[in-house]
Amino acid sequence: KQWYQRKYGEFQTFQHYFKQINLRLMASVTLKCTYPGGSTVLRTLTTESTLSDLQEVIQSVSSIRVGEQKLKSGFPPKLVALDDSSAVLSAVGVRSGDNIMVEKGEARTATVMKQGRTIKRHIVPANNSCLFASLGFLLQADGGDSMAASLRYVVASTIVGNPSDYPEVMLGRDPLSYAEWIQKSEVWGGGIELAVLSKHFTTEIHVVDTQSLRIDKFGQDLQCSDKVYVIYDGIHYDPLYEDTSRGAVTVFSVGDIEIENAAILVASQAKRSHNFTDLANFTLKCGTCGTGLKGENDARDHAKKTGHTNFEEYS
């Protein structure tokens, strides 16, 4: 009896061990991913992974943003339904061993219904001018490159014309140098530009952060009667608007609380889909010299020291 327990007890232990290994192997999902300009094997997903997880991984390897992805899977290839980002992979027909074909399609909008009002996120190109394109769309009904360049010029001329309001200690460089720098198409806009343009248009600009769900309100001291909304994921801005039977409404009364609540819902939707960038830890590479950087502060310091402003995110 002791011999039997010793022998078969050990066997059962090994049997349990291999069963656990097998369960782990079954839980992993391996996919071949082909996209414009390359292909790779995705090995970090599991049977518990969601469509959102898959799209985030694809974005990191292909640089095609989640909102612009068009996915096909299986044989013959069929479109993957992207409506429910929280669905597990098997629910949208994606199985381990599948080949995922990625195409860059037209940017999709994120939509939220709130008390009978439809609020949408308009996706603008991720080309370093997203802030200016977003504000052009909201305030001038033009999100194109020429409008972005015009808004850069507004910022530059305002700073040069009011150097006492925008000293070097605020800008990180002298006003003339900053004005020249901000007009470069590869330079990102931020808080200074938001403050300048809010004052220029006499309109509050509300920035909804998708990670913290905080709203930063520029121009509150100006006693504006109107406001606009942009959503910010850590490195990218998109405009928010209301879709009505009369067309897109982009400017709202400062007293419109419903629209603020709806904007937070859009940001919450993005947060659930993990559609944000951790500014303290995301990794960048300088497109000019190739230096690897970590976080927004590293990028800003590198730009000040070298004058290099062409950054790209990588994993």
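**View 1. Five strands form an open sheet in this predicted model.** The strand order is β2-β1-β5-β3-β4. The pairing in this sheet is mixed. In general, strands of a sheet pair through backbone hydrogen bonds, and the pairing is either parallel or antiparallel. Look next at the two edges. Strands β2 (residues 38-46) and β4 (residues 78-79) stand there. Each has a single partner strand, so one side of each is left without a neighbour in the sheet.

**View 2. Strands β1 and β2 pair in the antiparallel sense.** Strand β1 covers residues 28-35. Its pairing with β2 runs over 7 bridges. One residue pair to find is Y35 and G38: the bridge partner of Y35 is G38, in β2.

**View 3. Helix α2 lies across four strands.** The helix spans residues 51-62. The strands it lies across are β1, β2, β3 (residues 69-73) and β5 (residues 99-104). Relative to β2, helix α2 runs at about 145°.

**View 4. Helix α3 is mostly covered.** This helix spans residues 130-140. Of its 11 residues, 10 are buried. Among them are C130, L131, F132 and A133. S134, L135 and G136 are buried too, as are F137, L138 and L139. What covers them? The cover includes the helices α4, α6 (residues 175-182) and α7 (residues 191-201). It also includes the strands β8, β10 (residues 226-232) and β11 (residues 237-244). Just after α3 comes A141, with a positive phi of about 55°.

**View 5. R152 sits in helix α4.** Helix α4 spans residues 145-161. Is R152 buried or exposed? Its relative accessibility is 2%, and the cut-off for buried is under 20%, so R152 counts as buried. Leaving out residues up to four places away in sequence, R152 touches N128, S129 and F132. Under the same rule, R152 also touches I182, Q183, K184, S185 and V187. K184 is 32 residues away from R152 in sequence. In space, the C-alpha atoms of R152 and K184 are 8.3 Å apart. S185 offers a polar atom as well: its backbone oxygen lies 3.2 Å from a polar atom of the R152 side chain.

**View 6. H206 is found in strand β8.** This residue also counts as buried, because its relative accessibility is 2%. Which side chain makes a polar contact with the side chain of H206? The side chain of Y229 does, at 3.4 Å. Y229 is also one of the residues that H206 touches, not counting residues up to four places away in sequence. Others on that list include I215, D216, K217 and E260. K227, V228 and V230 belong to the list too.

**View 7. Confidence varies along the chain.** The chain averages a pLDDT of 82. A score of at least 70 is reached by 80% of the residues. Where is confidence lowest? Helix α1 (residues 2-27) has the lowest mean, at 46. Strand β8 (residues 204-209) has the highest, at 97. Over residues 1-25 the pLDDT is below 50. Beyond near neighbours in sequence, this stretch has 2 contacts in the model.

**View 8. The whole chain holds 9 helices and 16 strands.** Of its 315 residues, 41% are buried. The chain exposes about 17000 Å². Carbon and sulfur atoms supply 50% of that area.

Notes:
Residues are numbered from 1 along each chain as its sequence is written. Side-chain values use heavy atoms; hydrogens and water are left out. Buried means under 20% relative accessible area, exposed over 50%, partly exposed in between (1.4 Å probe, protein chains only). Contact means heavy atoms within 4.5 Å. A polar contact is a pair of N or O atoms within 3.5 Å; within protein, one must be able to donate a hydrogen and the other to accept it, and residues adjacent in sequence count only if both atoms are side-chain atoms. pLDDT is the predictor's confidence in each residue, from 0 to 100. Two strands pair if DSSP finds at least two bridges between them. Axes are lines fitted to C-alpha atoms, for helices over the stretch in contact, and angles run from 0 to 180 degrees between N-to-C directions. Accessible areas come from the Shrake-Rupley method with a 1.4 Å probe; for residues, only the protein chains shown count as cover.
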